[in-house]
Structure formats: C-alpha cells, structure tokens
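Here is a short report on the fold in front of you. Keep the sequence and the 3D view open while you read.

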Amino acid sequence: MHLARSLYSRLVKEGEVRGLIGPRELPQLWSRHMLNSVLLAPLLPQRVGDVGSGGGFPGLVLAIARPDVEFTLIEPMERRTVWLQECVSSLRLENVRVLRGRAEEVDIGFPFDAVTARAVSALSKLIPLTAPLVRSGGQLLLLKGARVHEEIARASKAIRKHRLQEVEVLELGTVSGLETTRVFKATVDP
C-alpha cells in the first residue's frame with residue numbers, strides 16, 4: 001500500500017503539470033484511476049504488456065499490486081516514458097521495463113501472456129495493435145467504458161481477423177461507492 005500511496009502522491013504533485021492527467025481528474029484520481037486499474041490484478045498471468053501506459057494506468061498500478069508478474073510498459077510519448085521510468089526507479093519496481101514506441105512498432109522480443117490497455121482507443125483500432133503482441137492462448141484484458149458492447153459490435157471484423165475467442169465483458173468493482181470497471185476479455189487463438 002505504501003508504494004501505491006507514493007505513486008498517487010507523485011501523480012497529485014506532477015500529473016497535471018507533466019500532462020499525465022487532466023485537472024478534472026485530480027478529485028477522482030484514487031477512485032476512478034488507481035482503484036479502477038488495480039481491479040485487474042487477480043486476472044493477470046506471468047508476463048504482461050501494457051499498451052499506452054501514459055500516467056501509469058493500469059501498468060504501474062498493477063506492477064505495484066502484483067510484484068510476481070513481469071510488466072512491459074509500452075508508451076510512444078517520450079515525456080511519458082521518462083516519467084514512467086522515473087517512477088519505476090523511485091518506487092524500485094524490479095518487475096517493470098519501459099519501452100518507448102508505438103505498439104505496432106516496438107520490438108519486444110517475445111509474446112506476452114496478456115496485454116492490458118486503458119483509454120487508448122476504440123476496440124476496432126485497439127485490437128489490431130494489441131492482439132499481435134499476445135502469445136497463442138494468451139489474453140487481451142482491455143479496460144473499457146460503459147459503451148463496451150457497442151464497441152464490440154463495431155469491432156466484429158477485427159475480432160474475427162485476429163481470431164479472438166471467448167470474448168466477454170467482465171464487470172469488476174460493482175460494490176457501492178466504486179465506479180464499475182468493464183474489462184473486454186478475449187483469448188488469442190492460434
């Protein structure tokens with residue numbers, strides 16, 4: 001919990017100034033971003049890629065919650081990768097590496113067991129970016145908004161093209177007081 005508080009404090013102090021979060025996000029930083037991200041923790045396998053890590057959601061938050069999992073944070077913007085690397089160093093997260101680049105361009109060296117993403121783009125664009133990074137039998141765990149079912153309908157071609165199976169929407173954190181977290185979950189078929 002100490003590391004999560006440290007990340008939260010750092011985001012409160014630097015997040016808006018460094019372009020990681022908007023000014024309206026500060027009041028709901030803990031509940032809407034930190035808790036929203038950590039709800040994925042029980043679903044994670046051993047080796048996870050996080051596409052569009054930005055301010056550390058969900059990648060940094062999950063790396064704190066699951067030190068037993070290896071994370072690769074993939075972010076195209078240099079200022080954000082610098083910030084992510086500063087956080088990894090200051091929080092002493094030995095289970096995280098940061099790569100600068102676009103998901104479709106970075107050389108990871110191996111396929112992931114799962115890929116996460118939050119607030120990157122619509123599923124129709126996100127699936128082609130993330131599915132190729134996942135091993136056969138691995139999973140996409142993509143945090144989405146309330147219109148996820150509409151996005152799934154619009155992404156039907158991408159779902160078929162990338163041979164996604166067992167497509168479902170998980171609703172996590174449905175206890176009172178928390179915003180429901182919706183996860184697009186799918187298995188990448190061989």
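A residue counts as buried under 20% relative accessible area and as exposed over 50%; anything in between is partly exposed. The model is predicted.

**Pro-128 and helix 5**

Pro-128 sits in helix 5, which covers residues 123–130. Its relative accessibility is 32%, so Pro-128 is partly exposed. Beyond its neighbours within four places in sequence, Pro-128 contacts Leu-123, Ala-158 and His-162. Glu-86 is 42 residues away from Pro-128 along the chain, and 30 Å separates their C-alpha atoms.

**The sheet**

Seven strands form an open sheet. Their order is 3-2-1-4-5-7-6, and the pairing is mixed. Which strands stand at the edges? They are strand 3 and strand 6. Each has a single partner strand, so one side of each lacks a neighbour in the sheet. From one strand to the next, the twist averages 20°.

Strand 5 and strand 7 (residues 181–188) run antiparallel and are joined by 6 bridges. Leu-142 has Phe-184, in strand 7, as its bridge partner.

Helices lie against this sheet. Helix 4 lies across strand 2 and strand 3, and runs at about 165° to strand 3. Helix 5 also packs on the sheet, where it touches strand 1 (47–51), strand 4 (112–118), strand 5, strand 6 and strand 7. The direction of helix 5 makes about 145° with that of strand 5.

**Helix 4**

Helix 4 has 13 residues, which at 1.5 Å a residue should span 18 Å. Its end C-alpha atoms are 18 Å apart, so the two values agree.

Which residues of helix 4 are buried? They are Thr-81, Trp-83, Leu-84, Cys-87 and Val-88. These residues cover an arc of only 160° around the axis, which means that they lie on the same side of helix 4. An α-helix has 3.6 residues a turn, so residues three or four places apart point the same way. The buried residues of helix 4 pack against helix 1, helix 3, strand 2 and strand 3. Just after helix 4, Arg-92 takes a positive phi of about 55°.

**Two nonpolar cores**

In soluble globular proteins, nonpolar side chains tend to be buried together. Here the largest nonpolar core holds 33 residues. Leu-7, Leu-60, Phe-71, Trp-83, Leu-93 and Val-96 touch the most other members. At least two residues each come from helix 1 (2–14), helix 3 (59–65), strand 2 (70–75), helix 4 (78–90), strand 3 (96–100), strand 5 (134–144) and strand 6 (164–172). Helix 3 gives the largest share, 5 residues.

Take Leu-93 as one of those core residues. Not counting residues up to four places away in sequence, Leu-93 touches Leu-3, Leu-60, Ala-63, Ile-64 and Val-88. Another core, of 27 residues, lies apart from the largest one. Its members include Val-51, Ala-103, Ile-127 and Leu-133.

**Ser-37 and the cis proline**

Ser-37 is found in helix 2, residues 29–38. Is Ser-37 buried or exposed? Its relative accessible area is 0%, so Ser-37 is buried. Leaving aside neighbours within four places in sequence, Ser-37 contacts Phe-57, Pro-58, Val-61, Leu-62, Arg-118 and Leu-143.

Two of these contacts, Phe-57 and Pro-58, share a cis peptide bond, with omega near -5°. Pro-58 lies in the loop between strand 1 and helix 3.

**Positive phi in two loops**

Two residues other than glycine in loops have positive phi: Ala-119 and Arg-163. The table sets out their values.

| Residue | Phi | Loop | Relative accessible area |
|---|---|---|---|
| Ala-119 | near 55° | between strand 4 and helix 5 | 72%, exposed |
| Arg-163 | near 50° | between helix 7 (156–161) and strand 6 | 44%, partly exposed |

With 72% relative accessible area, Ala-119 is over the 50% cut-off and therefore counts as exposed. Arg-163, at 44%, falls between the two cut-offs, so Arg-163 is partly exposed.

Definitions and conventions:
Residues are numbered from 1 along each chain as its sequence is written. This is a predicted model: local features need pLDDT of at least 70, side-chain atom pairs count only at pLDDT 80 or more; totals for chains, interfaces and linings use all residues. Side-chain values use heavy atoms; hydrogens and water are left out. Helices (H or I, at least four residues) and strands (E, at least two) are DSSP runs, numbered from the N terminus. Buried means under 20% relative accessible area, exposed over 50%, partly exposed in between (1.4 Å probe, protein chains only). Contact means heavy atoms within 4.5 Å. A nonpolar core is a set of buried Ala, Val, Leu, Ile, Met, Phe, Trp, Tyr and Cys residues joined through side-chain atoms within 4.5 Å. The expected span of a helix is 1.5 Å times one less than its number of residues. The arc is that of the directions from the helix axis to the C-beta atoms. Two strands pair if DSSP finds at least two bridges between them. Axes are lines fitted to C-alpha atoms, for helices over the stretch in contact, and angles run from 0 to 180 degrees between N-to-C directions.
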